[in-house]
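Dear colleague,

Please find below the structure that I am handing over to you. My notes on what was found in it follow directly after it.

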Amino acid sequence: MENSWIVLALTCLLTLVLLSKFLHSPHRKQNLPPGPKPWPIVGNIHLLGSTPHRSLHELAKRYGDLMLLKFGSRNVLIASSPDMAREFLKTNDAIWASRPELAAGKYTAYNYCDMTWAPYGPFWRQARRIYLNEIFNPKRLDSFEYIRIEERHNLISRLFALSGKPILLRDHLTRYTLTSISRTVLSGKYFSESPGQSSMITLKKLQDMLDRWFLLNGVINIGDWIPWLAFLDLQGYVKQMKELHRNFDKFHNFVLDDHKANRGEKNFVPRDMVDVLLQQAEDPNLEVKLANDCVKGLMQVLLL
């Protein structure tokens, strides 16, 4: 019985190798850019190393400004010059506007429901209009100037109190940025400055969640590039993404419930960006209805 399983495993492996060689055979590479020969199954993933940007730079020196790599079963075009970047980002931008549907977009962005991961189309264009016309218009941004002034004063006061002591300025600037953005997006502070205070979440926890979001949205997840291995979650990234989603969703639900409760006030006027998003979600003339998860996705991006 044991020998039978070994033979079956070797047969499957040989089949995959032969299939990979067939898919990469010369007669199927017509009009494709140059690039390194891919390995069976993994493609060129092994060439990225621990510093992908440097690895890609070295490969571009050898294969040119436009090269073709294979990550698992997916072809990836690499543009490594201003002229080539212009072709993708300006000349043919509509063709290349959408990002691939990776696990990060599914599990950390409400199933591709934010401006970062949403495919180019009606929803993305509508979200862009809302951001430009309703949220980031000059009049509304000017109305939040008092928040920026108050937080600058708070930053200077904290630094003054630490005069003569060694400080890590990065931590204070990170705190200033997060408090300024959160007050602009959410109005009230939904986080506490220390674990002893009563609140939905601590400042450190919120910052850790945002840092984790940036990390998980930039990882190379094997399951994205070799789909038949996705169920194994070999690196544990999908598990981390799901946990991060649960934490964010709990926070977003609390914030939205609180905002919706306040919207019952007479002559209500939006006070922050979340209020504006909720107001837009109620617009019957929207081309694409903003479901609750879409509001959360768009709100989450504003905090990043």
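Strands β1 (residues 66-71) and β2 (residues 74-79) pair in the antiparallel sense, with 6 bridges between them. Within this pairing, M67 of the first strand stands opposite I78 in β2. The hairpin that β1 and β2 form has 2 residues between the strands, and G72 takes a positive phi near 65° there. Please bear in mind that this is a predicted model.

As regards the chain as a whole, the protein chain contains 14 helices and 4 strands. It has 304 residues, of which 38% count as buried. If one takes the contacts between residues at least 6 apart in sequence, 57% of them join residues at least 24 apart.

I turn next to the interior. The largest nonpolar core comprises 63 residues, and L186 and L290 are those with the most contacts inside it. Where does this core lie with respect to the two domains? Domain 1 (32-96) and domain 2 (122-303) both contribute residues to the core, so it lies between them. Apart from its neighbours within four places in sequence, L186 is in contact with F251, V255, H259, D272, V274, M299 and L303.

Helix α8 deserves a separate paragraph. This helix covers residues 145-161, 17 residues in number, and reaches 25 Å from its first C-alpha to its last, close to the 24 Å expected at 1.5 Å a residue. Its buried residues are I147, E151, L155 and R158. Viewed down the axis of α8, these buried residues fall within an arc of 70°, so they line one face of the helix. The general background is that an α-helix has 3.6 residues a turn, so residues three or four places apart point the same way. The cover over the buried residues of α8 includes α9 (169-186). On the other side of α8, I156 and F160 are exposed.

A final point concerns T108, which lies in helix α5 (residues 103-108). Is this residue T108 buried or exposed? T108 counts as buried because its relative accessibility is 3%, and the cut-off for buried is under 20%. Leaving aside neighbours within four places in sequence, the residues in contact with T108 are A103, W213, N217, M241, L244 and Q300.

With kind regards

Technical notes. Residues are numbered from 1 along each chain as its sequence is written. This is a predicted model: local features need pLDDT of at least 70, side-chain atom pairs count only at pLDDT 80 or more; totals for chains, interfaces and linings use all residues. Side-chain values use heavy atoms; hydrogens and water are left out. A nonpolar core is a set of buried Ala, Val, Leu, Ile, Met, Phe, Trp, Tyr and Cys residues joined through side-chain atoms within 4.5 Å. Buried means under 20% relative accessible area, exposed over 50%, partly exposed in between (1.4 Å probe, protein chains only). Domain bounds come from an automatic or database domain assignment. Contact means heavy atoms within 4.5 Å. The expected span of a helix is 1.5 Å times one less than its number of residues. The arc is that of the directions from the helix axis to the C-beta atoms. Two strands pair if DSSP finds at least two bridges between them.
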